[in-house]
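The following exercises are to be worked with the sequence and the coordinates at hand. Each task is followed by a solution in steps.

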Amino acid sequence: MASLRSIVLSAALLTSGLLGIVGCDSVDAAFDCQSVCDRYQTCYKADYDVDACRSRCRTASANDPSVREAANTCEQCIGDKSCLSATFQCAGSCGQIVP
């Protein structure tokens, strides 16, 4: 029982350490990119390559804080808006992430 507890504790410490290395900004950017790319597929192009979009967005976010901020702003803007509303109200920030 003690060895199982040690394994669980070690796994928890390792996971929290890895999350600290990755950082919240990276996790937030990944979420924002996924959300924005998914929404584009849902609203505009059913066969849109969400994985490629997410990868481009995450790479760009890691290298350019303005892209990370645009992804965050876009994700917050589109929220629960209809596709039409999001198109008109969020084009400025979302245009850096999706076509």
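**Exercise 1. The faces of helix α5**

Which residues of α5 are buried? Determine also which exposed residues lie on the face turned away from the buried side.

Solution. The model is a predicted one.

Step 1. A residue counts as buried under 20% relative accessible area. By this criterion the buried residues of α5 are Ala86, Cys90, Ser93 and Cys94.

Step 2. These residues cover an arc of only 60 degrees around the axis, and therefore lie on the same side of α5.

Step 3. The face turned away from the buried side carries Leu84, Phe88, Gln89 and Gly92, which are exposed.

**Exercise 2. The span of helix α5**

Compare the distance between the end C-alpha atoms of α5 with that of a straight helix.

Solution.

Step 1. Helix α5 has 12 residues, and at 1.5 Å a residue a straight helix would reach 16 Å.

Step 2. In the model the end C-alpha atoms of α5 are only 12 Å apart, which falls short of that value.

**Exercise 3. Disulfides between α4 and α5**

Characterise the disulfide of Cys74 and Cys94 and that of Cys77 and Cys90 by sulfur distance, handedness, position and burial.

Solution.

Step 1. The sulfur atoms of Cys74 and Cys94 are 1.8 Å apart. The torsion about this S-S bond is about 100 degrees, so the link is right-handed.

Step 2. This pair connects distant parts of the chain, with Cys74 in helix α4 (residues 65-78) and Cys94 in helix α5 (residues 83-94), 20 residues apart.

Step 3. Cys74 has a relative accessible area of 1% and is buried; Cys94 is likewise counted as buried, at 10%.

Step 4. For the disulfide of Cys77 and Cys90 the sulfur distance is 2.0 Å. A torsion of about -80 degrees about the S-S bond makes this disulfide left-handed.

Step 5. Cys77 belongs to helix α4 and Cys90 to helix α5, so this pair ties together parts that are 13 residues apart in sequence.

Step 6. Cys77 is buried at a relative accessible area of 17%, and Cys90 is buried at 1%.

**Exercise 4. The link between α2 and α3, and the overall pattern**

How many disulfides does the structure hold, and which pattern do they follow along the chain? Describe in addition the disulfide that involves Cys33.

Solution.

Step 1. There are 5 disulfides in the structure. With bonded cysteines counted along the chain, the pattern reads 1-5, 2-4, 3-8, 6-10, 7-9.

Step 2. Cys33 is joined to Cys57, with an S to S distance of 2.0 Å. The angle about the S-S bond is -70 degrees, and the link is left-handed.

Step 3. Cys33 is part of helix α2 (residues 24-43) and Cys57 of helix α3 (residues 50-63), so the bond ties together parts that are 24 residues apart in sequence. Both Cys33 and Cys57 are buried.

**Exercise 5. A charged pair in α3**

Where in the structure is a salt bridge found, and which residues form the bridge?

Solution.

Step 1. Side chains of opposite charge can pair when their charged atoms come close. A search of the whole structure returns 1 salt bridge.

Step 2. The partners are Arg54 and Asp51, whose closest N and O atoms are 3.2 Å apart. The cut-off for such a pair is 4 Å.

Step 3. Arg54 and Asp51 are 3 residues apart in helix α3, a separation of about one helical turn. Arg54 is partly exposed, at 24% relative accessibility.

**Exercise 6. Aromatic rings**

Which residues do ring pairs link into a cluster?

Solution.

Step 1. The count of aromatic pairs is 2. In one of them, Tyr40 and Tyr44 have ring centres 5.3 Å apart and planes at 45 degrees, so the pair is classed as tilted.

Step 2. Tyr40 is buried, at a relative accessible area of 15%, whereas Tyr44 is partly exposed, at 43%.

Step 3. Ring pairs join Tyr40, Tyr44 and Tyr48 into a cluster.

**Exercise 7. The chain as a whole**

Summarise the secondary structure, the burial and the contacts of the protein chain.

Solution.

Step 1. The protein chain has 5 helices and 0 strands, in the order α-α-α-α-α along the sequence.

Step 2. Of the 99 residues in the protein chain, 28% are buried.

Step 3. Among contacts with a separation of 6 or more, 59% are between residues 24 or more positions apart.

Technical notes
Residues are numbered from 1 along each chain as its sequence is written. This is a predicted model: local features need pLDDT of at least 70, side-chain atom pairs count only at pLDDT 80 or more; totals for chains, interfaces and linings use all residues. Side-chain values use heavy atoms; hydrogens and water are left out. A disulfide is a pair of cysteine sulfur atoms within 2.5 Å. Helices (H or I, at least four residues) and strands (E, at least two) are DSSP runs, numbered from the N terminus. Buried means under 20% relative accessible area, exposed over 50%, partly exposed in between (1.4 Å probe, protein chains only). A salt bridge is a side-chain nitrogen of Lys or Arg within 4 Å of a carboxyl oxygen of Asp or Glu. The expected span of a helix is 1.5 Å times one less than its number of residues. The arc is that of the directions from the helix axis to the C-beta atoms. Rings of Phe, Tyr and Trp (its six-membered ring) pair if their centres lie within 6.5 Å; planes under 30 degrees apart count as stacked, over 60 as edge-to-face and the rest as tilted. Contact means heavy atoms within 4.5 Å.
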